[in-house]
There are 2 protein chains.
Amino acid sequence: MKEISLMDIAIPLYDRFTALDAVGPYDVLQHVPGVRIVWLAHEAGLVRNDSGTLALEATTTFEQLPHPDVVLLPGGLGAGALMSDERFLNWLREAHAHSTWTTSVCTGSLVLGAAGLLNGVRATSNWLTLDALSQFGAIPISERVVDDGKIVTSAGVSAGIDMALWLAGKLASDEVAQSIQLMIEYDPQPPYESGSPSKAKPETVTAVRELFATMQ
Amino acid sequence: MKEISLMDIAIPLYDRFTALDAVGPYDVLQHVPGVRIVWLAHEAGLVRNDSGTLALEATTTFEQLPHPDVVLLPGGLGAGALMSDERFLNWLREAHAHSTWTTSVCTGSLVLGAAGLLNGVRATSNWLTLDALSQFGAIPISERVVDDGKIVTSAGVSAGIDMALWLAGKLASDEVAQSIQLMIEYDPQPPYESGSPSKAKPETVTAVRELFATMQ
């Protein structure tokens with residue numbers, strides 16, 4: 001039990017994170033009663049996303065919040081650098097040791113793996129990096145949201161919204177999660193059917209693979 | 001034609017905007033080749049969202065970008081105040097007079113209405129404020145994305161992602177939009193079926209209506 005009744009959800013920010021990985025789940029979970037969302041980084045201040053054209057404010061340092069109730073780690077092109085950031089990985093290991101839930105979006109799961117948290121754990125990532133999970137001893141699962149014990153991982157970028165609704169159901173209740181879904185009118189109707197490699201045209205899959213390789 | 005070949009997409013920020021209304025479309029449209037997304041506000045600096053727990057950086061003032069190619073106006077609890085912000089409304093009217101597309105998410109359409117841009121125009125908004133569009137002479141349409149001439153409006157919060165994919169198809173091509181959908185793995189699988197008032201339980205609809213009334 002904490003001295004105050006708020007539940008802290010920590011969203012770590014780092015150079016070249018993907019904005020929607022963080023803000024999608026944020027705008028679901030901020031509506032859960034009793035939740036306080038905290039934007040963390042090595043230093044308080046602006047943190048830039050993968051293209052450098054968006055900046056979000058981190059208000060708190062990792063050291064200032066060693067034991068959040070929930071960790072929600074966004075992915076991004078900067079996840080590769082984060083995987084060898086020992087100062088961050090040490091924070092993540094310590095946070096996970098005390099967390100209720102440790103969660104990730106997209107390539108965030110690779111960072112959980114690099115911290116040694118996924119050994120023998122069923123986990124997912126975005127479709128382009130799913131196989132890479134096995135190098136950390138994880139069991140790659142091609143699903144939208146995968147929970148194994150207190151570790152919850154989600155697929156690419158927009159899958160974080162689905163995961164956050166799942167998590168809202170656990171943190172509060174199905175009724176609260178359903179109310180939030182209605183508040184954000186999450187009744188998706190994409191104009192195309194191209195959101196997964198099994199649905200997209202083969203040439204689209206190839207084009208995105210090639211683009212992703214050049215972005216790394 | 002502009003002196004440079006970039007297409008400017010202006011996202012106005014204002015006190016108490018909804019973060020996902022802005023960042024969802026942003027993380028789709030930033031992948032359209034040749035697009036530059038510009039975060040605008042009355043003053044450059046941090047702008048806080050509806051709950052005050054997230055801050056995004058505005059880099060440019062409205063006066064500095066009078067004629068963007070695309071306007072993308074997010075909704076939010078602050079939309080009400082924006083509807084009587086004459087300085088902003090004047091910018092919006094001038095921008096719309098020159099834009100290729102003028103678009104909105106959620107309650108952003110009420111602000112387009114307040115600027116006088118929706119007279120006789122088919123438009124949508126989030127389900128809680130859809131009827132309010134008629135006071136501006138608009139024709140309220142209960143659809144996810146509604147285009148009428150160069151004005152494109154979308155339903156609540158998460159509908160901005162669907163609209164942005166539609167817009168990516170127009171700004172570039174279907175193939176580009178489909179590639180972006182695959183990049184952000186937008187293959188939604190919400191854990192509940194509660195994203196619209198026609199799908200949610202009646203008691204959920206009532207609860208959200210009451211919550212929305214207290215938030216205003």
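Biologist: How many residues does each chain put into the contact between chain A and chain B?

Modeller: Contact here means heavy atoms within 4.5 Å. By that rule, chain A brings 63 residues and chain B brings 63 residues. Bear in mind that this is a predicted model, where local features need pLDDT of at least 70, side-chain atom pairs count only at pLDDT 80 or more, and totals for chains, interfaces and linings use all residues. Residues are numbered from 1 along each chain as its sequence is written, chains are lettered from A in the order in which they are written, and side-chain values use heavy atoms, with hydrogens and water left out.

Biologist: What area is buried between the two chains?

Modeller: The size of an interface is often given as the accessible area lost when the parts come together. Buried area is taken with a 1.4 Å probe and summed over both parts. Here that comes to about 5,500 Å², and carbon and sulfur atoms give 58% of it. On the chain B side, Leu182(B), Glu185(B) and Tyr192(B) supply 15% of the area that chain B buries against chain A, more than any other three residues.

Biologist: And charges? How many salt bridges cross the interface?

Modeller: Side chains of opposite charge can pair when their charged atoms come close. The rule asks for a side-chain nitrogen of Lys or Arg within 4 Å of a carboxyl oxygen of Asp or Glu. It finds six across the interface of chain B and chain A, and 14 in the whole structure. Take Asp187(B) and Lys199(A), whose closest N and O atoms are 2.5 Å apart. Another pair is Lys201(A) with Glu175(B), at 3.3 Å. That one crosses between chains, from the loop between H6 and helix H7 (202-215) of chain A to helix H6 (residues 174-183) of chain B.

Biologist: Which salt bridge has both partners in chain B, with Arg87(B) as one of them?

Modeller: Arg87(B) pairs with Glu63(B), 3.4 Å from N to O. Arg87(B) sits in helix H3 (residues 86-98) of chain B and Glu63(B) in the loop between strands E5 (60-61) and E6 (70-73) of chain B, so the bridge ties together parts that are 24 residues apart in sequence. Helices (H or I, at least four residues) and strands (E, at least two) are DSSP runs, numbered from the N terminus.

Biologist: Now a helix. Which residues of H7(B) are buried?

Modeller: An α-helix has 3.6 residues a turn, so residues three or four places apart point the same way. Buried means under 20% relative accessible area, exposed over 50%, and partly exposed in between (1.4 Å probe, protein chains only). In H7(B), the buried ones are Thr204(B), Val205(B), Val208(B) and Phe212(B). Down the helix axis they fall within an arc of 100 degrees (using directions from the axis to the C-beta atoms), so they line one face. The face turned away from that side carries the exposed Pro202(B), Glu210(B), Ala213(B) and Thr214(B).

Biologist: What covers the buried side of H7(B)?

Modeller: Helix H6 (174-183) of chain A is included in that cover. Seven of the 10 residues of H6(A) are buried, so the rest of the structure largely encloses this helix. Its buried residues pack against H1 (19-29) and H5 (159-171) of chain A together with H7 of chain B. Just after H6(A), Glu185(A) takes a positive phi of about 45 degrees.

Biologist: How many disulfides are there?

Modeller: Zero over all chains, where a disulfide needs a pair of cysteine sulfur atoms within 2.5 Å. As for burial, Cys106(A) is buried at 8% relative accessible area, and Cys106(B) is buried at 7%.
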